[in-house]
Amino acid sequence: MTIYVMMSGLPGNMTTTAMRVIEQQDDMRVLPYALGGPRPKNQEIGMPQYVGPEEHAATLRAMKTEHPFVIVVDYSKAQMESQARLYAEAGVPFVYGGTVGNRAEAERIVQKSNISAVIAPNMSKQLVAWTAALEYLAREFPGAFIGYKGHIDEDHQKTKTDQSGT
């Protein structure tokens with residue numbers, strides 16, 4: 001079985017990295033189309049052809065028909081609840097890696113649908129590992145950190161166009 005992946009969002013660090021990893025998998029393929037906002041002036045070589053917002057729903061339905069095992073990996077800046085609604089209506093599972101929008105509403109939409117989703121505000125492998133380590137320490141050593149305060153700064157935030165929520 002091959003899983004086909006449609007990207008959503010303009011090229012950026014996360015989108016490009018995800019595409020590289022997906023393309024290295026034997027059982028996954030990146031589709032030649034991506035959901036986007038207004039089309040970029042210069043289409044980057046090696047990147048999927050962007051589909052404008054007015055074509056998102058029709059393109060998703062067509063891709064679902066052509067590739068029953070299709071998912072969307074979404075690093076767009078679109079509201080997560082509107083994206084969840086779009087994917088739920090098309091019957092396409094998705095991964096949303098962002099912080100824009102109403103997470104509770106996005107979760108409600110997914111729960112009422114017949115799709116699966118991963119909605120993760122931060123996909124930094126270092127922060128995911130750090131979170132898992134802290135959860136382990138809290139579980140294995142209860143009370144060991146009472147009164148302790150910690151602080152993490154992500155130094156890449158100042159370069160992001162959307163610094164919300166991270």
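Modeller: A residue counts as buried when its relative accessible area is under 20% and as exposed when that area is over 50%, with partly exposed in between. The structure under discussion is a predicted model.

Biologist: Is Tyr87 buried or exposed, and why?

Modeller: Tyr87 is buried, because its relative accessibility is 0%.

Biologist: Which other residues of helix H3 are buried?

Modeller: Besides Tyr87, the buried residues of H3 are Met80, Glu81, Gln83, Ala84, Leu86, Ala88 and Ala90. The helix, which spans residues 80-90, is thus mostly covered, with 8 of its 11 residues buried.

Biologist: What backbone feature is found just after H3?

Modeller: Gly91, just after the helix, adopts a positive phi of about 75°.

Biologist: How should one read a pair of aromatic rings, and how many aromatic pairs does the whole structure contain?

Modeller: Two quantities describe such a pair: the distance between the ring centres and the angle between the ring planes. A search of the whole structure finds 2 aromatic pairs. One of them joins Tyr87 and Phe94, with 4.9 Å from centre to centre and 45° between the planes. Planes under 30 degrees apart would be stacked and those over 60 edge-to-face, so this pair is classed as tilted. Phe94 is also buried, as its relative accessible area is 4%.

Biologist: Where does Ala57 lie, and what separates its C-alpha atom from that of Ala90?

Modeller: Ala57 belongs to helix H2, residues 56-66. Its C-alpha atom is 6.8 Å from that of Ala90, although the two residues are 33 residues apart along the chain. Ala90 is among the buried residues of H3, whereas Ala57 is partly exposed because its relative accessibility is 31%.

Conventions:
Residues are numbered from 1 along each chain as its sequence is written. This is a predicted model: local features need pLDDT of at least 70, side-chain atom pairs count only at pLDDT 80 or more; totals for chains, interfaces and linings use all residues. Side-chain values use heavy atoms; hydrogens and water are left out. Buried means under 20% relative accessible area, exposed over 50%, partly exposed in between (1.4 Å probe, protein chains only). Helices (H or I, at least four residues) and strands (E, at least two) are DSSP runs, numbered from the N terminus. Rings of Phe, Tyr and Trp (its six-membered ring) pair if their centres lie within 6.5 Å; planes under 30 degrees apart count as stacked, over 60 as edge-to-face and the rest as tilted.
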